[in-house]
Amino acid sequence: MAAASGQAEELAAARDRELQEAAPLGLEAVFPREVGLFADAFPEETRYGFCGHVLTIAQHHGARLGVAAPVWEAALALCKYFEEQKLDFRGKKVIELGAGTGIVGILATLLGGDVTITDLPLALKQIQENVHRNVPAEHWGRARVCALSWGLDHEEFLTDYDFILGADIVYLKDTYPLLIRTLQHLCGLHSTIYLSSKMRQEHSTAVFYEVLLPLHFVLELVYRDEKENINIYRVTSKQNS
């Protein structure tokens, strides 16, 4: 009897252990620990085709990255403009400002450019991930990713880039003077700046392009998407006009 009783207790204890081990698994099936809904970021992956290249772009939506996470329509419009105009970046020094996902700078790299892709430090991991996804390893040296805070450390960069690129970076009025100061430093006599923007009235985007930027640069509207309310401007130094 004692032996039978001891065996029953062992079976009961084993059963309890199984239930304890199974319970967390059951909860995880309902409330997974590592899914976008409960994580700091909501990962998303999208494919885009431009200039004969298919780009796979990761976007980590969440409070941390904020507006730096998505691929904005203005960035896609600028990529499309490159395709339509058959722009050639081979052998050119290029810098992208406020890159976000890095899609514009990555395309410029694939089109032959020697590209510096910049944004605030919190966005660099996302950009680097997308560079590694889309740029062949042998060309990683032509796609440098680094932090640039407008108006603060812009003087650490070159002063004569061939192309300066920005997509949807004109939306915070307090940053407009800092952006202009940065463009003044980066832009040489023969530089060409391409800025693509959604023309948001609430952010005074038009004021930047129609009032502030013309004080220092020559602007030309080269593309207009009425449906998406997106403008692309080609900007050059006044000293070269």
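At 39% relative accessibility, Glu-220 is classed as partly exposed. The structure described here is a predicted model, and in it the side chain of Glu-220 meets that of Arg-234 in a salt bridge, with an N to O distance of 2.8 Å. This pair joins distant parts of the chain, since Glu-220 belongs to strand E8 (residues 217-225) and Arg-234 to strand E9 (residues 230-237), 14 residues apart. Arg-234 is likewise partly exposed, at a relative accessibility of 26%.

Both of these strands belong to an open sheet of seven strands with mixed pairing, in the order E5-E4-E3-E6-E7-E9-E8. The edges are formed by E5 and E8, each of which pairs on one side only. On average, neighbouring strands of the sheet are turned by 20° against each other, direction being ignored. Backbone hydrogen bonds pair the strands of a sheet, in either a parallel or an antiparallel sense. For E3 and E6, the pairing is parallel and extends over four bridges. Within this pairing, Val-94 has Phe-163 of E6 as its bridge partner.

Two helices are placed against the sheet. Helix H4 lies across strand E4 (114-119) and E5, and runs at about 175° to E5. Helix H5 (residues 176-186) lies across E3, E6, E7 and E8, and its direction makes an angle of about 145° with E7. A third helix, H3 (residues 103-110), is largely enclosed by the rest of the structure, because seven of its eight residues are buried. The buried residues are Ile-103, Val-104, Gly-105, Ile-106, Leu-107, Ala-108 and Thr-109. After H3 comes Gly-112, which has a positive phi, near 105°.

Side chains of opposite charge can pair when their charged atoms come close. In this model the count of salt bridges comes to nine. One of them is formed by the side chains of Asp-160 and Lys-93, at 3.2 Å from N to O. The two residues lie in distant parts of the chain, 67 residues apart: Asp-160 is in the loop between strand E5 (143-147) and strand E6 (161-167), whereas Lys-93 is in strand E3 (residues 93-97). Asp-160 is partly exposed, with a relative accessible area of 39%, and Lys-93 is also partly exposed, with a value of 29%.

A further salt bridge is found within helix H4. The side chains of Arg-133 and Glu-129 meet at an N to O distance of 3.0 Å. These two residues are four positions apart in H4 (residues 124-134) and are therefore separated by about one helical turn. An α-helix has 3.6 residues a turn, so residues three or four places apart point the same way. Arg-133 counts as partly exposed at 38% relative accessibility, as does Glu-129 at 26%. The contact is part of a network of salt bridges that links Glu-45, Glu-129 and Arg-133.

Aromatic contacts were also identified, and the count comes to eight aromatic pairs. Phe-163 and Tyr-194 form a stacked pair, with 6.3 Å from centre to centre and 15° between the planes. Because Phe-163 lies in strand E6 and Tyr-194 in strand E7 (residues 187-198), the pair ties together parts that are 31 residues apart in sequence. Phe-163 is buried, with a relative accessible area of 12%, and Tyr-194 is buried at 4%.

A second stacked pair consists of Tyr-209 and Tyr-233, with a centre-to-centre distance of 4.2 Å and 15° between the planes. Tyr-209 lies in helix H6 (residues 205-212) and Tyr-233 in strand E9, so this pair ties together parts that are 24 residues apart in sequence. The relative accessible area is 3% for Tyr-209, which is buried, and 8% for Tyr-233, which is buried as well.

Phe-163 and Tyr-194 also belong to one aromatic cluster, together with Tyr-81, Phe-82 and Phe-89. Phe-163 thus appears both in this cluster and as the bridge partner of Val-94. A contact between a charged side chain and a ring is provided by Arg-200, which lies over the face of Trp-72 at 5.9 Å from the ring centre.

Key:
Residues numbered from 1 in each chain as written. Predicted model: local features only at pLDDT ≥ 70, side-chain atom pairs only at ≥ 80, totals over all residues. Heavy atoms only, no water. Buried < 20%, exposed > 50% of the residue type's maximum accessible area, 1.4 Å probe, protein only. Salt bridge = Lys/Arg side-chain N within 4 Å of Asp/Glu carboxyl O. Phe/Tyr/Trp six-rings, centres within 6.5 Å; stacked < 30°, edge-to-face > 60°. Lys NZ or Arg CZ within 6 Å of the ring centre and 35° of its normal. Pairing = 2+ DSSP bridges. Axes fitted to C-alpha atoms, helices over the stretch in contact; angles between N-to-C directions. Contact = heavy atoms within 4.5 Å.
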